[in-house]
Amino acid sequence: MSGITYVRGDATVPSVKGVKVIAHVCNDIGGWGKGFVLALSRRWPEPEAAYRAWHRGRSANDFGLGAAQFIQVEPYVWVANLVGQRGTRTGSKGVPVRYEAIDAALGRLADKAVELGASVHMPRIGCGLAGGKWSRVEPLIAERLVRRGIAVTVYDHGD
């Protein structure tokens, strides 16, 4: 039993009460424009604006693999930008996903979720454009979030 709830639907519209954090994985080169981020940007402009500003100011902040940024978009909804992929393309060094970076970012997400008393909602992070395998990401979520008593819902897009 993983302690993760799987549902069909849109992770940008979590249908539970209380404070919610919508988590997704970003790249480390400032690119925002494909995949789940498009659904986020259709709902709220703030996560993209915050991510781009964070990347622009990276010489003076914590932007980089394993970092996490939290943006409040509604009174009870936050978005977590988790930097968990190197670049955007599969190349000689393999797929962009970096499991150790996702692991580190999930640790930061867990701290924030506990602080907010929030549940966490996400697509299958790191497994779309980043090219990762859910069999490697799911145990990280179980270890970092579920073990700390955080309710996690993973959304598979229904057609």
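## Accessibility and the model

A residue is called buried here when its relative accessible area is under 20%, exposed when that area is over 50%, and partly exposed when the value falls in between. Asp-103, at 21% relative accessibility, therefore counts as partly exposed. The structure discussed below is a predicted model, and the distances, angles and accessibilities given for it should be read with that in mind.

## Salt bridges around helices α3 and α4

Seven salt bridges are found in the structure. One of them joins the side chains of Arg-144 and Asp-103, with a distance of 2.9 Å from N to O. This pair connects distant parts of the chain, since Arg-144 belongs to helix α4 (residues 134-144) and Asp-103 to helix α3 (residues 99-116), with the two positions 41 residues apart. Arg-144 has a relative accessible area of 31% and is partly exposed, and its partner Asp-103 is likewise partly exposed at 21%.

Another salt bridge is formed by Arg-148 and Asp-111, whose closest N and O atoms lie 2.6 Å apart. Here too distant parts of the chain are linked: Arg-148 sits in the loop between α4 and β6 (152-156), whereas Asp-111 is in helix α3, and the two are 37 residues apart. Arg-148 is partly exposed with a relative accessible area of 42%, and Asp-111 is partly exposed with a value of 43%. A further salt bridge pairs Arg-147 with Glu-143, with 2.4 Å between the closest N and O atoms; in this pair Arg-147 is exposed, at 63% relative accessibility, while Glu-143 is partly exposed, at 42%. As a general point, side chains of opposite charge can pair when their charged atoms come close.

## The six-stranded sheet

Six strands make up an open sheet in the order β1-β6-β5-β2-β4-β3, and their pairing is mixed. The edge positions are taken by β1 (4-8) and β3 (68-74), each of which has a single partner strand, so that one side of each is left without a neighbour in the sheet. From one strand to the next, the twist averages 30°. In general, strands of a sheet pair through backbone hydrogen bonds, either parallel or antiparallel.

Within the sheet, strand β2 (residues 20-27) and strand β4 (residues 77-85) run in the parallel sense and are paired over eight bridges. At one position of this pairing, Ala-23 stands opposite Ala-80 in β4. Helix α2 (residues 46-56) packs on the sheet, where it touches β2, β3 and β4, and its direction makes about 150° with that of β3. Helix α4 also packs on the sheet, touching β1, β5 and β6, with its direction at about 130° to that of β1.

## The buried face of helix α4

Which residues of α4 are buried? They are Trp-134, Val-137, Leu-140 and Ile-141, and when the helix is seen down its axis, the buried residues fall within an arc of 125°, so they line one face of α4. An α-helix has 3.6 residues a turn, so residues three or four places apart point the same way. The cover over the buried residues of α4 includes strands β1, β5 and β6 together with helix α3, and α3 is also the helix that holds Asp-103, the salt-bridge partner of Arg-144 in α4.

## His-121 and Ser-119 in strand β5

His-121 lies in strand β5 (residues 119-122), and with a relative accessible area of 0% it is buried. Its side chain makes a polar contact of 2.8 Å with the side chain of Tyr-155, and a polar contact of 2.8 Å also joins the side chains of His-121 and Ser-119. Leaving aside residues up to four places away in sequence, His-121 touches Ala-11, Pro-14, Val-16, Lys-20, Val-21, Ile-22, Ala-23, Thr-153 and Tyr-155. The C-alpha atoms of His-121 and Tyr-6 are separated by 10.0 Å, although these residues are 115 positions apart along the chain.

Ser-119 lies in strand β5 as well. Its relative accessible area is 13%, and Ser-119 is therefore classed as buried. With residues up to four places away in sequence not counted, Ser-119 touches Val-16, Val-19, Lys-20, Val-21 and Ala-151.

Conventions. Residues are numbered from 1 along each chain as its sequence is written. This is a predicted model: local features need pLDDT of at least 70, side-chain atom pairs count only at pLDDT 80 or more; totals for chains, interfaces and linings use all residues. Side-chain values use heavy atoms; hydrogens and water are left out. A salt bridge is a side-chain nitrogen of Lys or Arg within 4 Å of a carboxyl oxygen of Asp or Glu. Helices (H or I, at least four residues) and strands (E, at least two) are DSSP runs, numbered from the N terminus. Buried means under 20% relative accessible area, exposed over 50%, partly exposed in between (1.4 Å probe, protein chains only). Contact means heavy atoms within 4.5 Å. A polar contact is a pair of N or O atoms within 3.5 Å; within protein, one must be able to donate a hydrogen and the other to accept it, and residues adjacent in sequence count only if both atoms are side-chain atoms. Two strands pair if DSSP finds at least two bridges between them. Axes are lines fitted to C-alpha atoms, for helices over the stretch in contact, and angles run from 0 to 180 degrees between N-to-C directions. The arc is that of the directions from the helix axis to the C-beta atoms.
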